[in-house]
Amino acid sequence: LRPPRDPSEGKFPLAVIKADKGAMGNIASNQLEKLEHAAMDKLARRAMMQREVEMSINISKARDALMWVGGLYTVCVGGIIVGVLARKPVPAAVAIPVFTGAFGLANLADMAYGTKMTRVVREAEHIMENERGRFPPPKQAIFAKFYTDEERKVYGHVKNVGSYWPAAVRGLMYRHSSENTPP
């Protein structure tokens, strides 16, 4: 680069410089916006991958539990059937775990191979869209400001845990006795 010989050489009119700065600002702003979108997409992909890993682990746990519990259930029911066929006395109370076990196995099978996860996700979506009042965090949480007063008041009538059982009963016991004082 050589220095300009003529004082007017290498100089641009002020309007061109201002327009150029505006264009550069728009380009920089667009680039920044693109970077922000790319970062958000990357974060969303990470969250999606984490969710999919967690869901696949839950499904595989259900399949493993189905294998073990199903095997144990088969052995137990098989033993009961052999006992009945051998005309051995089988207590009637044995029917209770046979039927409840069948429902438990059906639940596990639905989780492992059925549509339970899809139904659970749809129910979660319904709750997040229509029952957001269940979520307000403690007022000290950093994200508490994102919840409206309406959402906080949905369950405003509910008391803290300590005001229910057993603390409330303990308070009643000491209220009726004048010589005892609560600890």
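Okay, helices first: helices and strands here are DSSP runs, H or I of at least four residues for a helix and E of at least two for a strand, numbered from the N terminus. On that basis the chain has 5 helices and 0 strands, and from the N terminus on the order reads α-α-α-α-α.

Bear in mind that this is a predicted model, where local features need pLDDT of at least 70, side-chain atom pairs count only at pLDDT 80 or more, and totals for chains, interfaces and linings use all residues. Residues are numbered from 1 along each chain as its sequence is written, and side-chain values use heavy atoms, with hydrogens and water left out.

Now the chain as a whole. Buried residues, meaning under 20% relative accessible area (exposed is over 50%, partly exposed is in between, 1.4 Å probe, protein chains only), come to 9% of the 183 residues. The chain exposes about 15800 Å², and 64% of that comes from carbon and sulfur atoms; areas are Shrake-Rupley with a 1.4 Å probe, and for residues only the protein chains shown count as cover. As for contacts (heavy atoms within 4.5 Å), take those with a separation of 6 or more: 42% of them are between residues 24 or more positions apart.

Let's go to helix 2, residues 95–113. Does the length add up, or what should its 19 residues span? The expected span is 1.5 Å times one less than the number of residues, so we should get 27 Å, and the end C-alpha atoms sit 26 Å apart, which agrees. Its buried residues are Gly101, Leu105, Asp110, Met111 and Ala112.

Stay with Asp110 for a moment. Leaving aside residues up to four places away in sequence, Asp110 touches Thr115, Lys116 and Arg119. A polar atom of the Asp110 side chain lies 3.2 Å from the backbone nitrogen of Thr115. And with Arg119, the Asp110 side chain makes a salt bridge, 2.3 Å from N to O; the rule is a side-chain nitrogen of Lys or Arg within 4 Å of a carboxyl oxygen of Asp or Glu. Asp110 is on the buried list for helix 2, while Arg119 is partly exposed at 44% relative accessible area.

How many salt bridges does the rule give? It gives 3. Another one pairs Glu131 with Arg134, closest N and O atoms 2.7 Å apart, and Glu131 is partly exposed at 25%. Then there's Arg132 with Glu151, 2.7 Å from N to O. That pair links distant parts of the chain, 19 residues apart: Arg132 is in the loop between helix 3 (116–130) and helix 4, and Glu151 is in helix 4. Arg132 is partly exposed at 32%, whereas Glu151 counts as buried at 15%.

Two more stops. Most residues other than glycine have a negative phi. Arg87, though, has a positive phi of about 60° and isn't a glycine. You'll find Arg87 in the loop between helix 1 (14–85) and helix 2, and Arg87 is exposed, with a relative accessible area of 77%.

Last, the surface. Val154, Tyr155, Val158, Tyr164 and Trp165 make a nonpolar patch of about 550 Å². Patch residues need over 30% relative accessible area and no salt bridge; like charges are joined within 9 Å, and nonpolar side chains (Val, Leu, Ile, Met, Phe, Trp, Tyr) within 5 Å. Tyr164 is in the loop between helix 4 (149–153) and helix 5 (167–176), and is partly exposed at 40%.

Notes:
A polar contact is a pair of N or O atoms within 3.5 Å; within protein, one must be able to donate a hydrogen and the other to accept it, and residues adjacent in sequence count only if both atoms are side-chain atoms.
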